[in-house]
Amino acid sequence: MKIARVALDLPLHEAFDFRVPDHEEIAVGALVVVPFGRSRRVGVVVAHARRTEVPPSKLRDIERRVDDVPPIAAAELELYEFCARYYQRPLGEVIATALPPRLRQVSRRSIRAQPVGAPHTRVASAEPALTPEQRAAVDRINAAVGGFHAILLHGITGSGKTEVYLRAIAAAIARGAQALFLVPEIGLTPQLEDLVRGRFPDARVVLAHSHLGEGERAGAWLAAQSGQADIVLGTRLAVLMPLRNLGLIVVDEEHDPSYKQQEGLRYSARDVAVRRAQGLGIPIVLGSATPSLESFSNARDGRYQLVTLASRATGAQLPNVRTVDTRADRPREGLAAALVAAIARRVEAREQALVFVNRRGFAPVLYCRSCAWHSTCKRCSANLVLHLRSGELRCHHCGHRERVPNTCPSCGGIDLAPIGHGTQRIEESLQAALPNARIARVDRDSTARKGALRGVLQRVRAGEIDVLVGTQMLAKGHDYPSLTLVGVLEADSALFSVDFRASERLFSQLVQVAGRAGRGDLPGEVLIQTDFPGHPLYAAVAAQDYTAFAVEALDERRAASFPPFSHLVLLRAESKATGEAGEFLRGAARSARALARDAKVEVFDPVPAVLERKAGFERAQLLVRSPSRAALLAFLPRWREALGRREERRVRWALDIDPQEV
Ligand code: ADP
Ligand code: ZN
Ligand code: ZN
């Protein structure tokens with residue numbers, strides 16, 4: 001009897017056994033349709049077996065093989081098995097994360113690899129002559145071919161990292177290999193796709209991200225798997241795409257938190273990419289102006305090669321960064337006089353300015369001056385944000401919306417006032433202060449329509465916009481030669497966060513956004529409005545010395561035994577009923593302590609989550625830490641099983657390995 005073990009997308013860690021009909025040969029890695037209960041499902045054969053524990057009366061036949069999709073190769077199955085073990089998730093779920101939704105449908109029309117042959121443009125766009133630093137970086141990457149090497153490309157903003165990636169990719173394609181180019185969010189940098197297609201007119205480029213249509217995504221997947229695609233340009237999910245002939249991985253902005261998926265398979269695409277390169281024996285390039293402390297530490301310890309680009313490719317200088325003391329220069333409508341004057345000078349000189357406010361909406365909260373009522377979400381422990389344009393109060397956590405009240409819901413008074421400043425309000429106050437300036441706002445609200453962001457960015461490029469106001473969407477990757485001033489508002493709150501990564505994130509965000517200024521011939525200036533002008537973090541940003549910041553931050557991490565000097569796991573739990581999540585976690589902590597008695601695993605006490613209530617669920621978390629990855633990996637499956645046995649169905653829980661937000 002031939003038995004196939006089939007991984008299915010179910011919350012169970014075992015594969016399911018099915019009989020293979022006698023006349024059939026079904027390879028490991030093949031997609032199959034199997035009966036399941038009264039329905040059918042698509043699964044993947046992960047092993048063959050000669051016998052099974054399933055009693056003959058219960059054993060069912062594989063219904064058919066999915067034959068328009070070639071089997072998943074051994075190297076990829078091995079990667080998925082690694083992810084399952086490392087992230088403590090069922091293999092079937094990992095595979096389901098890797099497979100486009102269309103390919104998981106039982107009945108669908110047949111799919112062919114996306115026709116990627118048609119060249120986008122005929123003539124390759126010109127490549128600039130490399131700077132000596134870029135040349136050296138490309139040489140180092142090309143010298144790494146033939147084995148696993150992780151190269152951390154630490155290049156300041158504007159140093160021309162993209163050019164280095166493109167040359168390394170060109171070399172990979174010339175060797176006949178495929179290249180995987182990962183970026184945090186494709187939608188934010190529409191120019192990148194144009195750049196890649198323009199540079200490689202004869203190469204077959206496919207995109208892989210979650211905003212593609214289902215058919216397109218499945219077609220891209222097949223093109224990658226079959227080896228037809230030369231370049232896969234994608235977001236984190238692309239790291240799991242099968243690539244028959246992968247020869248190079250590039251992870252741009254490797255520090256970016258969006259490489260970490262925050263639900264389901266909570267994987268870090270950067271970490272999985274490194275593991276994948278290691279498994280295949282190929283080079284991987286991790287690039288950033290502000291590398292994650294994990295990667296920097298790996299480079300310092302010699303596990304990664306460090307390659308540095310210390311000057312801007314165009315010869316431009318880094319911008320001059322200063323703080324504006326808002327205790328002395330009190331902001332009016334969110335804007336200090338020094339910043340308004342600086343923006344006005346740019347508008348007059350026909351240069352451009354960018355104002356960075358990391359809050360969308362008009363104001364973070366609506367407040368009653370008579371009774372101190374303020375707008376809060378009934379389902380979350382969060383304020384409702386005032387969106388004046390649409391006349392709504394909105395919760396940015398659960399999506400709840402309601403009309404802005406005309407009178408105070410608590411006392412009936414009419415003295416309601418917005419407190420604080422979001423992008424909409426800053427846009428309005430800027431327009432009032434500079435009536436002739438052409439101002440555009442970029443945030444999730446203003447760019448919800450497809451193509452909207454691309455449109456705004458084109459207008460900036462064409463010089464039709466003087467001032468951009470926006471959220472972190474503007475911090476990434478954009479390159480505007482006439483942009484000479486960056487203003488930063490409302491950054492102070494991040495100085496006092498409880499998360500041990502908060503200062504790393506703020507530093508990187510500020511350096512990235514500052515890096516938008518002065519990329520052309522004109523020098524750039526950055527003004528940070530703050531009540532704490534003497535804060536060391538702002539001094540570090542002003543000094544633009546990443547290495548000094550990183551060395552000091554790593555010393556602090558070591559003293560506190562936080563990553564990369566330890567490994568963390570967070571058990572997250574939530575429940576509708578008050579107290580249940582905490583109760584569950586106290587039990588979980590007891591079982592962890594029992595299991596970890598002699599292992600090098602430290603179990604903290606449960607605490608409420610930062611956002612304690614979300615969408616009606618009360619949330620809490622329990623941190624587990626170990627200096628040893630091996631000890632943790634030995635402990636986790638046993639703990640997970642103990643948790644699974646507890647009949648706490650009203651509590652939803654999940655393990656988050658290497659959590660980004662603690
Ligand atoms: P980074 O990603 O490192 O911040 P970019 O890749 O965006 O930097 O490059 C910054 C600017 O420098 C871009 O306008 C790019 O076209 C330009 N550039 C890159 N390499 C060169 C080069 N060798 N010569 C001239 N300009 C270059
Ligand atoms: Zn009131
Ligand atoms: Zn809410």
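Mentor: Donors here are N, O and S atoms within 2.8 Å of the metal (3.2 Å for Na, K and Ca), and since water is not among the atoms, sites may look incomplete. This is a predicted model in which local features need pLDDT of at least 70 and side-chain atom pairs count only at pLDDT 80 or more, while totals for chains, interfaces and linings use all residues. Residues are numbered from 1 along each chain, ligands from 1 in the order in which they are written, and side-chain values use heavy atoms, without hydrogens and water.

Trainee: What makes Cys 368, Cys 371, Cys 408 and Cys 411 donors of the zinc ion (ligand 2)?

Mentor: Their SG atoms coordinate the zinc ion (ligand 2) at 2.2 to 2.4 Å, and the cut-off is 2.8 Å. In sequence these donor residues follow the spacing C-x2-C-x36-C-x2-C.

Trainee: Why is the site of the zinc ion (ligand 2) called tetrahedral?

Mentor: Four donors count as tetrahedral if all angles lie between 85 and 135 degrees; the angles among the four donor atoms are 107 to 113°, so the site is tetrahedral.

Trainee: Is Cys 408 buried or exposed, and what about Cys 411?

Mentor: Buried means under 20% relative accessible area, exposed over 50% and partly exposed in between (1.4 Å probe, protein chains only). Cys 408, at 3%, is therefore buried, whereas Cys 411, at 39%, is partly exposed.

Trainee: How do you know which residues of H3 share a side?

Mentor: In H3, Gln 134, Ala 137, Val 138 and Ile 141 are buried. They cover an arc of only 95° around the axis (taken from the directions from the helix axis to the C-beta atoms), so they lie on the same side of H3. Pro 132 and Ala 143, on the other side, are exposed.

Conventions. Four donors count as tetrahedral if all angles lie between 85 and 135 degrees; four count as square planar and six as octahedral if opposite donors are over 155 degrees apart and all others between 65 and 115; anything else is irregular. Helices (H or I, at least four residues) and strands (E, at least two) are DSSP runs, numbered from the N terminus.
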